[in-house]
Amino acid sequence: QVQLVESGGGLVQAGGSLRLSCAASGRTFNWYAMGWFRQAPGKEREFVTAISRSGVNTYYADSVKGRFTISRDNAKNTVYLQMNSLKPEDTATYYCAAGTGSGHPYEYDVWGQGTQVTVSP
């Protein structure tokens, strides 16, 4: 089983960009599809984006489509989330997760500890 550690969160002004990284330990990273989720205070955790094991297929929530890009580097055991044109409503704790299954939506059973993203108006 992999272990996941997110990084790259921070404070940014609206319209700015951030790049989150999620580093996985273990040799089995490419066995897993990877996803990013977020949770804002007082709200339920929501799906943001996912990428298949090979990286060929990607999936996005409508709220981030065209602004966020997920990618992965299986040689580096890392998945990335490039976030552009950030909005205050993107403020949340962002979690990466490792999932199994034949396609989206995947079954996620390994989660990182989260990284905070705050977008100021």
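Trp111 has a relative accessibility of 28%, so it counts as partly exposed. The model I am showing is a predicted one, and every value I quote is computed from it. I start with this tryptophan and its ring partners, then go to the whole chain, then to two glycines.

Trp111 forms an aromatic pair with Tyr108. The ring centres are 6.2 Å apart, the planes make an angle of 55 degrees, and the pair is classed as tilted. On the other side of that pair, Tyr108 has a relative accessible area of 15%, which is under the 20% cut-off, so Tyr108 counts as buried.

Tyr108 has another ring partner, Phe37. Here the centre-to-centre distance is 5.0 Å and the planes are 80 degrees apart, so with the limit for edge-to-face set at over 60 degrees, this pair falls in that class. Which strands does this pair connect? Phe37 belongs to strand S4, residues 33–39, and Tyr108 belongs to strand S10, residues 107–111. The pair therefore ties together parts of the chain that are 71 residues apart in sequence. Phe37 is buried, as is Tyr108.

These rings belong to a wider group. Phe37, Phe47, Tyr59, Tyr106, Tyr108 and Trp111 make up one aromatic cluster. For the structure as a whole, the count of aromatic pairs is six.

Now the chain overall. The protein chain has 11 strands and zero helices, so there is little to say about the order of elements: reading along the sequence gives β-β-β-β-β-β-β-β-β-β-β.

On dimensions, the C-alpha atoms fill a box of roughly 40 × 25 × 25 Å along the principal axes. The radius of gyration is 13 Å; a compact globule of 121 residues would have one near 14 Å, so the chain agrees with that expectation. Of the 121 residues, 45% are buried.

What share of the contacts between residues at least 6 apart in sequence joins residues at least 24 apart? That share is 56%.

At the surface, the chain exposes about 6,300 Å², with carbon and sulfur atoms supplying 46% of this area. For charges, there are 11 positive and 9 negative, and the mean positions of the two sets lie 6 Å apart.

Last, two glycines in loops.

Gly15 sits in the loop between strand S2, residues 10–13, and strand S3, residues 18–24. Is Gly15 buried or exposed? Its relative accessible area is 53%, and with the cut-off at over 50% Gly15 is therefore exposed. Setting aside neighbours within four places in sequence, Gly15 is in contact with Ser85 and Leu86. The C-alpha atom of Gly15 is also 6.4 Å from that of Lys87, a residue 72 places away along the chain.

Gly9 is in the loop between strand S1, residues 4–7, and S2. With a relative accessible area of 33%, Gly9 is partly exposed. Again leaving out neighbours within four places, the contacts of Gly9 are Leu20, Thr115, Gln116 and Val117. For Leu20, which is 11 residues from Gly9 along the chain, the C-alpha separation is 6.2 Å.

To recap the ring part: Trp111, partly exposed, pairs with Tyr108, and Tyr108 pairs with Phe37. That is all from me.

Conventions
Residues numbered from 1 in each chain as written. Predicted model: local features only at pLDDT ≥ 70, side-chain atom pairs only at ≥ 80, totals over all residues. Heavy atoms only, no water. Helix = DSSP H or I, 4+ residues; strand = E, 2+ residues; numbered from the N terminus. Rg over C-alpha atoms; globule rule 2.2 N^0.38 Å. Buried < 20%, exposed > 50% of the residue type's maximum accessible area, 1.4 Å probe, protein only. Contact = heavy atoms within 4.5 Å. Areas by Shrake-Rupley, 256 points an atom, 1.4 Å probe, with all protein chains shown as cover. Lys, Arg positive; Asp, Glu negative; His and termini not counted. Charge placed at Lys NZ, Arg CZ, Asp CG, Glu CD. Phe/Tyr/Trp six-rings, centres within 6.5 Å; stacked < 30°, edge-to-face > 60°.
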